[in-house]
Amino acid sequence: MTTRRFAARVQQPSSLSVGARLDAQPGRLPLELGLNLARELVKVVADAHERGQRFGRLDAAHFVVRGTGELALVAKAAPGADVAADMHAVGAVLYRLFTGLTPKQARAALKVSSLHEVPAPARLNPALDDTLDTLIAQMLASHPGARPQSMRQVEAWLGDLCEELDVQPSRAALLRWAGERPAPKAVAPPAPVRRVVPTFVDADDDLEDDEDTAVEAPGPLRFDAWALSAAAFSVVAFAMASVL
């Protein structure tokens, strides 16, 4: 007798980009979740900088939440990029986390004409902590020299703020957020369609009405041959009876 072996394949949760998650359900994040995500974002970029990598153009789509809740950076280093450019790009991602809008969208929403001026995050989120509002504004400063000098510095500031607000790091919270799906939108049922079935009449039919057809308007009188014969016979019989 042959023994069969069955192997169970365990499927690991797939990665999801932060950008895709924000696109699926727009809006600013709760402060605690946003701080957890912001600290992880800054940390992975700081690690890359210590390896000598610079990127220049980063957005939320370059950060993914792994199946373990760990954040990873999926971007190629760009020759000629510097820390100041990455600082501005990461600042734009943090801006979106805590306001629900990108800097470009915020300028349009608040009708700011200058391309170099970014509205303070607190203008869109009045409940935002003052320290976090100032930090993001500095990261997005138009002059590169006014921005923080390193990602490790930003990471330390975020760590101090989390400690002050008693926000504990939680990869489980990031994993839950990445795994959430927006509630399906209610869709009204389609209106019933009235189907009209055409009625076909055979040319040889007697055109008799049944209970499912409409009553037609009376047309010209039609005389049947048998009826005419019967009437003529009745007239002749009446005449003979009168003579007799």
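This is a dialogue on reading a predicted model of one protein chain.

Trainee: Where should I begin, and how many helices and strands does the protein chain have?

Mentor: Begin with the elements and their order, keeping in mind that the model is predicted. The secondary structure of the protein chain comes to 9 helices and 3 strands, and, read from the N terminus, the elements follow the order β-α-α-β-β-α-α-α-α-α-α-α.

Trainee: What share of the contacts in the protein chain with a separation of 6 or more comes from residues 24 or more positions apart?

Mentor: Among contacts with a separation of 6 or more, 70% join residues that are 24 or more positions apart. As for the surface, the protein chain exposes about 17400 Å², of which carbon and sulfur atoms supply 56%, while buried residues make up 31% of the 244 residues.

Trainee: How do I read a pocket, and what is the volume of the largest pocket here?

Mentor: The general idea is that rolling a probe the size of a water molecule over the atoms shows where empty space is left. In this structure the largest pocket has a volume of about 390 Å³, and it is lined by 19 residues, of which Arg57, Leu58, Asp59, Ala89 and Ala92 are the closest to its centre.

Trainee: Which element gives the most to the lining of the largest pocket, and how do the lining residues divide?

Mentor: Helix α3 gives the most, with 6 residues; α1 (18-24) and α3 (83-99) each supply at least two residues of the lining. By type, the lining divides into 9 nonpolar, 5 polar and 5 charged residues.

Trainee: Let me turn to a single residue: is Ser17 buried or exposed?

Mentor: The cut-off for buried is under 20% relative accessible area, and Ser17 is therefore buried, because its relative accessible area is 16%. Ser17 sits in strand β1 (residues 16-17), and, leaving aside its neighbours within four places in sequence, it is in contact with Ala61, Phe63 and Val64. A polar atom of the Ser17 side chain also lies 2.9 Å from the backbone nitrogen of Ala20.

Trainee: Which loop holds Lys111, and what is its phi?

Mentor: Lys111 lies in the loop between α4 (103-109) and α5 (121-124), and its phi is positive, about 55°, although Lys111 is not a glycine. With 76% relative accessibility, Lys111 counts as exposed.

Trainee: Where is Asp166 found, and what is its phi?

Mentor: Asp166 is found in the loop between α7 (151-164) and α8 (171-179), and its phi is near 60°, a positive value in a residue other than glycine. Asp166 is exposed, with a relative accessible area of 57%.

Note on methods:
Residues numbered from 1 in each chain as written. Predicted model: local features only at pLDDT ≥ 70, side-chain atom pairs only at ≥ 80, totals over all residues. Heavy atoms only, no water. Helix = DSSP H or I, 4+ residues; strand = E, 2+ residues; numbered from the N terminus. Buried < 20%, exposed > 50% of the residue type's maximum accessible area, 1.4 Å probe, protein only. Contact = heavy atoms within 4.5 Å. Areas by Shrake-Rupley, 256 points an atom, 1.4 Å probe, with all protein chains shown as cover. 1 Å grid on protein atoms, 1.4 Å probe; cavity = no way out; pocket = protein on both sides within 12 Å on 5 of 7 lines; lining within 4 Å. Points joined across faces, edges and corners; volume = space filled by probe spheres on them. Nonpolar A, V, L, I, M, F, W, Y, C, P; charged D, E, K, R; others polar. Polar contact = N/O pair within 3.5 Å; in protein donor to acceptor, adjacent residues only side chain to side chain.
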